[in-house]
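Here is a short briefing on a predicted model. Please look over the sequence and structure before reading on.

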Amino acid sequence: TLDRSSAASDVYKRQYMNSVKFIVLDADYIMLENRPIIRLFGKTSDNKSITVFCNNFYPYFYIKTKSKEKLLEFLEKFKNEVISIEEVEKYEPIGYREEKTNLLKITLRNPSRVPEIREELHKQKFVEKTYEADILFKYRFLADRNIFGMRWYEAKGSFVNSETVFTDLKLEAKEISESEEIDFEPKILSIDIECYNSKGKPDPEKDPIILISLSFSHEYRGQKSLVLSSKRVPFNNNILSFDSEDKMLTEFLKIVREYDPDVITG
């Protein structure tokens, strides 16, 4: 949940005055109280991790239909999911068009229901085409709001508490605007794993991970690289060995959370 009444929020409020400049690194969404909330993940100009929550944005797509009446009747079965049906004039996004076409814009409540409803519509003879129903919800938000990855923005709003993320700052945005560029060197973690298996592709149900190697762009506890081993091996300052795969994986998760990389690759 998003909680606006916390001691931590008061500290952040005094420090940032409810306005934060941050670089966008990634985005996703969660469902809260039957509505989607976009989460923008990034870093601030003073290198704190931040999640910016964005409300009041819903998934939508377009339909070209032979009968609006039949469409409205059909969508009654999804009345709990459909927020609005709006007539719009729009250039069809496929092929060259000299004139706009009358389409219906369908706005839904839950992004995860879009593929299902689109497929049901495709089965109906009165539906000619659907458009833009395959755009992932987070990309729809970024495109509509003109937000780009690895670019700087200023977010204004209220600081909140949320148990869904582990970032230093959490802000529910009322406004996001582009900001001046600031030098930024992302913290990168590269991972490689080695599995034991007798033949073919490793099966996670039965083939254990025996080694995990990590390379850090910025030092982690004085190291630029580490190797984790699921079996005890002779001591080395950049090799950590464990009694089991389970203990090794637990330490691996601890390292990832502690190091808090901006980019994970491998």
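The notes below cover two sheets, one buried acidic residue and the aromatic contacts.

This predicted model contains an open sheet of five strands and a barrel that five strands close. Helix H5 packs on the open sheet, and helix H4 packs on the barrel sheet. The structure also holds 10 aromatic pairs.

**Open sheet**
- The strand order is E13-E12-E11-E10-E14, and the pairing is mixed.
- Strands E13 (239–241) and E14 (263–265) are the edges, each pairing on one side only.
- On average, neighbouring strands of this sheet are turned by 20 degrees against each other, direction ignored.
- Helix H5 (residues 245–259) touches E10, E11 (209–220), E12 (223–229), E13 and E14. The direction of H5 makes about 15 degrees with that of E11.
- Strand E10 (residues 188–195) and E14 run parallel and are joined by three bridges. Ser190 stands opposite Thr265 in E14.

**Asp262**
- Asp262 sits in the loop between H5 and E14.
- Its relative accessible area is 16%, so Asp262 counts as buried, the cut-off being under 20%.
- The side chains of Asp262 and Lys43 make a polar contact of 2.9 Å.
- Beyond its neighbours within four places in sequence, Asp262 is in contact with Leu25, Lys43, Phe184, Pro186 and Lys187.

**Barrel**
- The strands close in the order E1-E2-E3-E9-E8, with mixed pairing.
- Here, neighbouring strands are turned by 50 degrees against each other on average, direction ignored.
- Four bridges join E3 (residues 49–54) to E9 (residues 169–178), and the two run parallel. Phe53 stands opposite Glu172 in E9.
- Helix H4 (residues 137–144) touches E1 (19–32), E2 (35–44) and E3. The direction of H4 makes about 65 degrees with that of E2.

**Aromatic pairs**
- Phe57 and Phe141 are edge-to-face, at 5.2 Å centre to centre and 85 degrees between the planes.
- Phe57 lies in the loop between E3 and E4 (60–65) and Phe141 in H4, so this pair ties together parts 84 residues apart in sequence.
- Phe57 is buried at 8% relative accessible area, and Phe141 is buried at 1%.
- The ring centres of Phe216 and Tyr259 are 4.9 Å apart with planes at 65 degrees, so this pair is edge-to-face.
- Phe216 lies in E11 and Tyr259 in H5, so the pair ties together parts 43 residues apart in sequence. Both Phe216 and Tyr259 are buried.
- Ring pairs link Tyr29, Phe57, Phe137 and Phe141 into a cluster.

**Charges over rings**
- Lys105 lies over the face of Tyr60, 4.2 Å from the ring centre.
- The charged end of Arg257 sits over the ring of Phe166, 3.9 Å from its centre.

Note on methods
Residues are numbered from 1 along each chain as its sequence is written. This is a predicted model: local features need pLDDT of at least 70, side-chain atom pairs count only at pLDDT 80 or more; totals for chains, interfaces and linings use all residues. Side-chain values use heavy atoms; hydrogens and water are left out. Two strands pair if DSSP finds at least two bridges between them. Axes are lines fitted to C-alpha atoms, for helices over the stretch in contact, and angles run from 0 to 180 degrees between N-to-C directions. Contact means heavy atoms within 4.5 Å. Buried means under 20% relative accessible area, exposed over 50%, partly exposed in between (1.4 Å probe, protein chains only). A polar contact is a pair of N or O atoms within 3.5 Å; within protein, one must be able to donate a hydrogen and the other to accept it, and residues adjacent in sequence count only if both atoms are side-chain atoms. Rings of Phe, Tyr and Trp (its six-membered ring) pair if their centres lie within 6.5 Å; planes under 30 degrees apart count as stacked, over 60 as edge-to-face and the rest as tilted. A charge sits over a ring if NZ of Lys or CZ of Arg is within 6 Å of the ring centre and within 35 degrees of the ring normal.
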